[in-house]
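Biologist: Please take one strand of this model and look at it closely, then work outward from there to the rest of the protein. I would like one connected account.

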Amino acid sequence: MAEEIKVNICPACGQERDNIKLYELESVIFLGGGMISKSIRVAGCRDCVRPMLTKHIWKQLLPSNILWPFLVLPTFIYRYRDSGKPGHSPKWVELVHSLNAQAVLEEQDKAEREKLQIASSYINRHPGGTVYQCTGGGFGSKTLLLAAAWAVIGIPLLSFAYAAAEFYCPEMTFKVCVIPLLFVALHGYVLWLIAKHGNCRDELGLRFVAILLGAWSFYLSWIFWIFIVSGYQMLTADPAAIWRTIVYLAQEQFWQGDHGPKSTLEHTIVWSLEAIIFIAVPAGVVWNYVRKHPFCESCLKKLETFAVMRQRELPQNMSEFKSKLRMGDLSELAALPPRQSSKYLAAEIKQCPDCKNDFVLLLTSCADMAHYNNVHTTKHWVIPPLYCDPQEINKIIK
């Protein structure tokens, strides 16, 4: 294992110190009409870093010329006094931790290389570059039972709450769309949980059920909305009666004011978009659920992580990169440099822990975005999960 860098060891003299500082020195060239600057990093204890600061300030006397007494000198005085204060510089502590973390990652990469070299002895039943297919799995009786319970109990309650909120707070529906988005997001998340806890393995079946339940929720919301509009007197599930009521409300321009549609055409467009959202969004949440959670086609067990590749930079030519992946060639992925920015590639290889006969590559494009004091990572599929040959896997780790 790589030797750990210690915070209290001065990088200049190698002695143990309790006040190591790190400074970013600016080398300035002032040309009258413009300025060129370049950062230089220096670190050390008080006895080591002060000569560095003094040497830097005299080297900047001519290049910075008229800026020297106003920019370079005040900065030097502040840092010279700061270098004598007790305690380590926060930037120095952060740098040491970062370097130690990078060393740990390199050790993990080495361990993954040793682990993955064994992969060449395994048998892959699918040609490299073949898109992972969800074959051999069933919908699952537990998934069916949970979906039925949600359709009979959960969706009616949620649809009634949506109809009431839409009636009493129309501005939240038509102006900012908060109520519809919350409703469909909650519905989609529940379907995702049903698929997860029910161990659903039928991709087409799950998609069909999601579309069916989305249409069912939209239908129920209309039933309950008409029930509320009628003063809680008309509760009917007759499609013909509901359709006549919808046409009547559209022609009579039910909403008068600033919140809703003004004409029959606007009513038709709004309600059609609402129907699309009700059906499409929950179905979209679970559309690729099975594909994102691959399973073994022999024992139907969920594939587990075999190895996680080190994060890499995005390729310059994404279309060419995808073409090589579809041909089963991982050499370009192996040639990508390690991650150095907030946008990067994350690669994970999965395999059945029992059968040990297939490797599936999951490749995502990630972006870290700062939000207040937290960092949120968004992920998107670069390409659908692919079967890959053991020999190609070894290219990644060489």
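Modeller: Strand β4, residues 343–351, is mostly covered, since seven of its nine residues are buried. The model is a predicted one. The partner of β4 is strand β3, residues 304–308, and the two run in the antiparallel sense, paired over four bridges. Within that pairing, A307 stands opposite I349 of β4.

Two charged side chains of the same stretch, E348 and K350, meet in a salt bridge, with N and O 3.3 Å apart. Their cover differs in class: K350 is buried, with a relative accessible area of 11%, whereas E348, at 23%, counts as partly exposed. The cut-off that separates them is 20% relative accessible area, with buried meaning under that value.

The salt bridge in this strand is one of five in the count for the model. Another joins E203 to R207, and here the closest N and O atoms are 3.3 Å apart. Both residues belong to helix α8, where they sit four residues apart, about one turn of the helix. E203 and R207 are both buried. A further salt bridge links the side chains of D47 and R46, at 3.5 Å from N to O. R46 is partly exposed, with a relative accessible area of 37%.

Helix α8 leads on to the nonpolar interior. In soluble globular proteins, nonpolar side chains tend to be buried together. The largest nonpolar core in this model has 47 residues, and W150, L191, L206, L213 and W222 have the most contacts inside it. Several elements give two or more residues to this core, among them α5 (141–168), α7 (178–197), α9 (239–251), α10 (264–286) and strand β5 (360–371). The most comes from α8, which gives 12 residues. L206 shows what such a position looks like in detail: leaving out residues up to four places away in sequence, L206 touches F139, A195, C200, V286, Y289 and V290. There is also a second, separate core, made of 20 residues and including L361, V382, C388 and I393.

Also in α8 is a glycine, G205. G205 is buried, with a relative accessible area of 17%. Its C-alpha atom is separated by 8.5 Å from that of G138, a residue 67 positions away along the chain.

The N-terminal part of the chain can be read from N19, which lies in the segment before β1 (21–30). N19 is buried, at 9% relative accessible area. Setting aside neighbours within four places in sequence, N19 is in contact with G44, C45, R46, S83, K85, P86, G87 and H88. R46 in that list is the residue that bridges to D47.

C45, another contact of N19, brings up the cysteines. The closest cysteine sulfur to that of C48 is in C45, at 3.5 Å, which is too far for a bond. A disulfide would need the two sulfur atoms within 2.5 Å. The sulfur of C13 fails in the same way, because the closest cysteine sulfur, in C10, is 3.6 Å off and too far for a bond. The whole structure holds zero disulfides. As for cover, C48 counts as buried at 17% relative accessibility, while C13 is partly exposed at 32%.

For the protein overall, the model has 14 helices and six strands. It comprises 398 residues, and 40% of them count as buried. Among contacts with a separation of 6 or more, 70% are between residues 24 or more positions apart. The accessible surface of the protein comes to about 22400 Å², and carbon and sulfur atoms account for 61% of that area.

To return to the starting point, β4 has seven of its nine residues buried, pairs with β3 in the antiparallel sense, and has A307 of the neighbouring pairing opposite I349.

Conventions. Residues numbered from 1 in each chain as written. Predicted model: local features only at pLDDT ≥ 70, side-chain atom pairs only at ≥ 80, totals over all residues. Heavy atoms only, no water. Buried < 20%, exposed > 50% of the residue type's maximum accessible area, 1.4 Å probe, protein only. Core = buried A, V, L, I, M, F, W, Y, C linked by side-chain atoms within 4.5 Å. Contact = heavy atoms within 4.5 Å. Pairing = 2+ DSSP bridges. Areas by Shrake-Rupley, 256 points an atom, 1.4 Å probe, with all protein chains shown as cover. Salt bridge = Lys/Arg side-chain N within 4 Å of Asp/Glu carboxyl O.
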